Amino acid sequence: EVQLVESGGGLVQAGGSLRLSCAASGFTFDDYAIGWFRQAPGKEREGVSCISSSDGSTYYADSVKGRFTISSDNAKNTVYLQMNSLKPEDTAVYYCAADSSCGLYPWYDYWGQGTQVTVSS
């Protein structure tokens with residue numbers, strides 16, 4: 001019933017931009033926070049950003065502050081991650097997830113299948 005579907009990943013040159021989308025269904029979108037996480041080969045999953053759908057509060061990992069921007073369109077049940085000034089170290093599978101509150105901890109209730117982002121130098 002609960003589904004989160006990521007899209008917008010791809011291959012981009014260092015310094016370029018991508019916009020990821022997370023389309024949610026099967027739950028009351030306004031009652032949840034949506035987070036973006038990423039996992040590179042051989043590394044643990046890390047929190048990137050999250051947004052509270054109720055009040056719009058946002059949080060960012062230090063590694064992406066000033067480069068990434070999270071936003072939500074509640075009417076479309078969709079959350080976006082605008083990624084600018086991309087670096088090769090941003091290469092990872094990016095996941096969106098839903099939870100009752102906004103935080104960068106990895107134990108969210110629901111998860112999407114992920115979308116690959118590859119940044120070349």
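A disulfide here is a pair of cysteine sulfur atoms within 2.5 Å. Keep that cut-off at hand as you work through this predicted model.

**Exercise 1.** Work out which cysteines are bonded, and how the pairs are arranged along the chain.

*Solution.*
- Start with C50 and C102: their sulfur atoms are 2.1 Å apart, within the 2.5 Å cut-off.
- Next, place them: C50 belongs to strand 5, while C102 sits in the loop between strand 9 and strand 10, 52 residues apart.
- Then take C22 and C96, joined with an S to S distance of 2.1 Å. Because C22 is in strand 3 and C96 in strand 9, this bond ties together parts 74 residues apart in sequence.
- The count therefore comes to two disulfides under the 2.5 Å rule. In sequence order, the bonded cysteines pair 1-3, 2-4.

**Exercise 2.** Decide whether C22, C96 and C50 are buried or exposed.

*Solution.*
- Buried means under 20% relative accessible area.
- C22 has 1%, C96 has 0% and C50 has 0%, so C22, C96 and C50 count as buried.

**Exercise 3.** Find the edge strands of the open sheet with the order 1-3-8-7.

*Solution.*
- Read off the ends of the order: the four strands pair antiparallel, and strand 1 (3–7) and strand 7 (68–73) stand at the edges.
- Each edge strand has a single partner, so one of its sides is left without a neighbour in the sheet.
- Look at strand 7 in detail: six bridges join strand 7 to strand 8 (residues 78–83), and S72 stands opposite V79.
- Finally, follow L81: among its contacts beyond four places in sequence are L20, W36, F68 and Y94.

Definitions and conventions
Residues numbered from 1 in each chain as written. Predicted model: local features only at pLDDT ≥ 70, side-chain atom pairs only at ≥ 80, totals over all residues. Heavy atoms only, no water. Pairing = 2+ DSSP bridges. Helix = DSSP H or I, 4+ residues; strand = E, 2+ residues; numbered from the N terminus. Contact = heavy atoms within 4.5 Å. Buried < 20%, exposed > 50% of the residue type's maximum accessible area, 1.4 Å probe, protein only.
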